[in-house]
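Biologist: Could you take me through one part of this structure slowly, as you would for someone in their first year? I would like a close look at a single sheet, and then a sense of the chain around it.

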Amino acid sequence: MAHTSRPTLTTDAGARRLAILGDEMLIRMTGGETGGRIALFEERSPPGGGVPMHVHEREDETFQVLAGTVEFTIREGTEARVLVARTGDSVWAPRGVAHAWRVLGDEPVRLLFAATPAGIEGMFEELATLPKGPPDFARVAEICGRFGVRFA
């Protein structure tokens with residue numbers, strides 16, 4: 001099936017901003033704007049922030065560290081690798097491979113990341129509706145599961 005799309009510009013001021021579990025996320029491009037090919041996000045996470053080990057069934061993720069230092073843990077089978085990514089570094093996490101990330105040091109991190117193909121935007125929009133404070137992990141897992149993301 002052929003996707004159609006038109007060139008798109010998203011300004012910093014025009015990006016949709018969401019508060020998700022203590023992080024700020026900017027939705028820079030959606031599948032609706034790219035013919036389903038890609039969704040582009042910027043995540044701003046405080047020191048110690050991150051995402052626990054999880055697997056995407058539907059999309060690959062590509063991360064670009066815009067500022068800060070991030071520890072990525074990649075687990076394939078019983079083997080785990082730790083990658084420390086600093087400003088300017090990129091990490092690719094293919095679908096089906098368990099991965100986690102956390103902010104190292106005492107500075108916040110800014111990550112630009114792409115999901116290919118698009119479609120995960122709705123998950124982030126739903127997560128942003130959760131109440132502030134400690135998350136209800138069962139609810140988080142249920143929302144993520146509907147989008148093909150499971151915690152490992």
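Modeller: Happy to; here is the sheet, followed by the chain it belongs to. Please keep in mind that this is a predicted model. The sheet is open and has five strands, in the order β7-β6-β9-β4-β11, and their pairing is antiparallel. Two of these strands sit at the edges: β7, residues 79-86, and β11, residues 149-151, each of which pairs on one side only. On average, neighbouring strands of this sheet are turned by 30° against each other, with direction ignored. In general, strands of a sheet pair through backbone hydrogen bonds, and the pairing may be parallel or antiparallel.

Let us follow one pair within the sheet. Strand β6 covers residues 69-76 and strand β9 covers residues 98-104; they pair in the antiparallel sense over seven bridges. If you want a spot to find on screen, look for Thr-73, which stands opposite Ala-100 in β9.

Now for the chain as a whole. It contains 11 strands and three helices. Starting at the N terminus, the elements run β-β-α-β-β-β-β-β-β-β-β-α-α-β. The radius of gyration is 15 Å, close to the 15 Å that the globule rule gives for 152 residues, so the chain is as compact as a globular protein of that length. Its C-alpha atoms fill a box of roughly 40 × 35 × 35 Å along the principal axes. Of the 152 residues, 39% count as buried. Among contacts with a separation of 6 or more, 66% come from residues 24 or more positions apart. Finally, the chain exposes about 8200 Å², and carbon and sulfur atoms supply 56% of that area.

Terms used: Residues numbered from 1 in each chain as written. Predicted model: local features only at pLDDT ≥ 70, side-chain atom pairs only at ≥ 80, totals over all residues. Heavy atoms only, no water. Pairing = 2+ DSSP bridges. Helix = DSSP H or I, 4+ residues; strand = E, 2+ residues; numbered from the N terminus. Axes fitted to C-alpha atoms, helices over the stretch in contact; angles between N-to-C directions. Rg over C-alpha atoms; globule rule 2.2 N^0.38 Å. Buried < 20%, exposed > 50% of the residue type's maximum accessible area, 1.4 Å probe, protein only. Contact = heavy atoms within 4.5 Å. Areas by Shrake-Rupley, 256 points an atom, 1.4 Å probe, with all protein chains shown as cover.
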